[in-house]
Amino acid sequence: MVVRGRRRRHGRRPGVEDRWLREADPDRREFHLSLGCAVETLRIAAGRFGLACRVVTPPSGPVVARVEVGPGGNPHRDVALFDRITERYTDHRPFRWTPVPTPVVERVRDEVADFDVSLRLVREERPKRAIAELQAAADRAQMGSEAYRRELGRWIGNGALGDSWPFARVGRAAVTHLNVGGREARRNAALIESAPAVAVLSTADDDRGSRVAAGRAFQRVALVASAAGLAVHPMSQILERPARRETLRGLLDLDARPQHLFRLGFADGSRRHTPRWPAEAVTVDGGATAGEE
Ligand SMILES: Cc1cc2nc3c(=O)[nH]c(=O)nc-3n(C[C@H](O)[C@H](O)[C@H](O)COP(=O)(O)O)c2cc1C
């Protein structure tokens, strides 16, 4: 399977590239992280059926990741994670003030280490408050941009965010035409402060392959969390502009480059799953190619 990141020129169907959020994610960091999540899901599924996978991430060019599938996998290795693929979800609600159990923290650390990704778990009040303030500033700035609001409004309008995203509940028209940044800033800052842990994944390099690796690591963390009854909630706004990424890096005194930030904790109530694209909505070419040329 080949995951591409560039546009097919002729007779195109909507594909991976159409899901790139140009305003929110101008440097494609989240785009490549998301492809990493998809690649890892595929690898876990292949492993479950006894197939081995080799993942190759060319440093440049239209192919972001190539997953070579062949015989020889260990069907038992990831069986528990496979069972969580359809169960895992993003929870946008406040989390319970119950600490993340130590065995879960240890397992999560092991998972990310396999990808050369480092994990910082922020559990103390003061740095969490500083992150919350940074999040609020990011929300206010992003939502102050008409182009950003228009992009968000489009995604709300096509139903892709489901109804569990707070934005989706505010509605397309409101997001597109009103500056609801103050409201989002207050809400998101409170979500961060209330979470027992805020996690930041970082990589030594800031290239495409590192971002795919961070996405793969995150997908495993999300599945491990789900297996332990915990929820995750990525919050990307701080990382969407270079200056705030650097501020976060300084704030946490990180050696590496922050790639992904998410809340980790226990949520109450039922799981709310975001609707999925139909399989035909993802371009398939040459047997199993997701994406475009
Ligand atoms: C790279 C990446 C960045 C994300 N950033 C955000 C975010 O800033 N805010 C948010 O609420 N969810 C964020 N999410 C979660 C997605 O919105 C969520 O995964 C998607 O809506 C599908 O829902 P599900 O995780 O429940 O399956 C992010 C996910 C990924 C992979």
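This is a short tour of the structure, stop by stop, with something to select at each one. Keep in mind that the model is predicted.

**Stop 1: the ligand**

Start by selecting the ligand and the residues around it. The shell has 16 residues, and the closest are Arg88, Thr90, His92, Ser236 and Arg276. Colour the shell by type and you get 5 nonpolar, 8 polar and 3 charged residues.

Which element gives the most to this shell? That's H1, with 3 residues. Strand S6 (231–234) is also worth highlighting, since H1 and S6 each supply at least two residues of the shell.

Now show side chains and look at the ligand's oxygen atoms. His92 has a polar side-chain atom 2.9 Å from a ligand oxygen. For His233, a polar side-chain atom sits 3.0 Å from an oxygen of the ligand. Gln237 does something similar, with a polar side-chain atom 3.3 Å from a ligand oxygen. If you switch on a surface, bear in mind that the protein covers 85% of the 610 Å² of accessible area that the ligand has on its own.

**Stop 2: the largest nonpolar core**

Next, select Val117 and Leu264. Of the 30 residues in the largest nonpolar core, these two touch the most other members. To see where the core comes from, colour helix H1 (29–48), helix H3 (102–113), strand S4 (117–122), strand S5 (197–203), helix H9 (208–227) and strand S7 (257–265): each of them supplies at least two core residues. H9 gives the most, with 9 residues.

Zoom in on Val117. Setting aside neighbours within four places in sequence, Val117 is in contact with Val112, Leu201, Ser202, Thr203, Ala213, Ala214 and Ala217. Another core, of 19 residues, lies apart from the one you have been looking at; Ala185, Met235, Ile238 and Leu252 are among its members. As background, nonpolar side chains tend to be buried together in soluble globular proteins.

**Stop 3: Glu40 in H1**

Go back to helix H1 and pick Glu40, which lies in that helix. Buried or exposed? Glu40 has 0% relative accessibility, so it counts as buried. Its side chain makes a polar contact with the side chain of Arg43, at 3.1 Å. Show the residues around Glu40 too: leaving out those up to four places away in sequence, Glu40 touches Phe115, Arg216, Gln219 and Arg220.

**Stop 4: Ser226 in H9**

Move to helix H9 and select Ser226, which is found there. Ser226 counts as buried because its relative accessibility is 4%, under the 20% cut-off. Beyond residues up to four places away in sequence, Ser226 touches Arg84, Glu87, Arg88 and Arg271. You met Arg88 at the first stop, among the residues closest to the ligand.

**Stop 5: Arg263 in S7**

Now pick Arg263, which lies in strand S7. Arg263 is buried, with a relative accessible area of 0%. What does its side chain reach? Turn on the backbone atoms, and you will find the side chain of Arg263 at 2.6 Å from the backbone oxygen of Arg93. A polar atom of the Arg263 side chain also lies 3.5 Å from the backbone oxygen of Leu191. For a distance across the sequence, draw a line between the C-alpha atoms of Arg263 and Asp91: these residues are 172 apart along the chain, and the atoms are separated by 9.2 Å.

**Stop 6: two loops**

Select the loop between strand S1 (2–4) and H1, where you will find Arg28. Arg28 has a positive phi of about 65 degrees although it is not a glycine. Most residues other than glycine have a negative phi. With 10% relative accessibility, Arg28 counts as buried.

Val16 is also in the loop between S1 and H1, and at 11% relative accessibility Val16 counts as buried. The C-alpha atoms of Val16 and Phe31 are 8.9 Å apart, with their positions 15 residues apart along the chain.

Finish at Asp253, in the loop between helix H10 (242–251) and S7. Asp253 has a positive phi too, of about 55 degrees, and is not a glycine. Unlike the buried Arg28, Asp253 is exposed, with a relative accessible area of 62%.

Methods:
Residues are numbered from 1 along each chain as its sequence is written. This is a predicted model: local features need pLDDT of at least 70, side-chain atom pairs count only at pLDDT 80 or more; totals for chains, interfaces and linings use all residues. Side-chain values use heavy atoms; hydrogens and water are left out. A nonpolar core is a set of buried Ala, Val, Leu, Ile, Met, Phe, Trp, Tyr and Cys residues joined through side-chain atoms within 4.5 Å. Buried means under 20% relative accessible area, exposed over 50%, partly exposed in between (1.4 Å probe, protein chains only). Helices (H or I, at least four residues) and strands (E, at least two) are DSSP runs, numbered from the N terminus. Contact means heavy atoms within 4.5 Å. A residue is near a molecule or strand if one of its heavy atoms lies within 4 Å of it. A polar contact is a pair of N or O atoms within 3.5 Å; within protein, one must be able to donate a hydrogen and the other to accept it, and residues adjacent in sequence count only if both atoms are side-chain atoms. Accessible areas come from the Shrake-Rupley method with a 1.4 Å probe; for residues, only the protein chains shown count as cover. Ala, Val, Leu, Ile, Met, Phe, Trp, Tyr, Cys and Pro count as nonpolar, Asp, Glu, Lys and Arg as charged, and the others, Gly among them, as polar.
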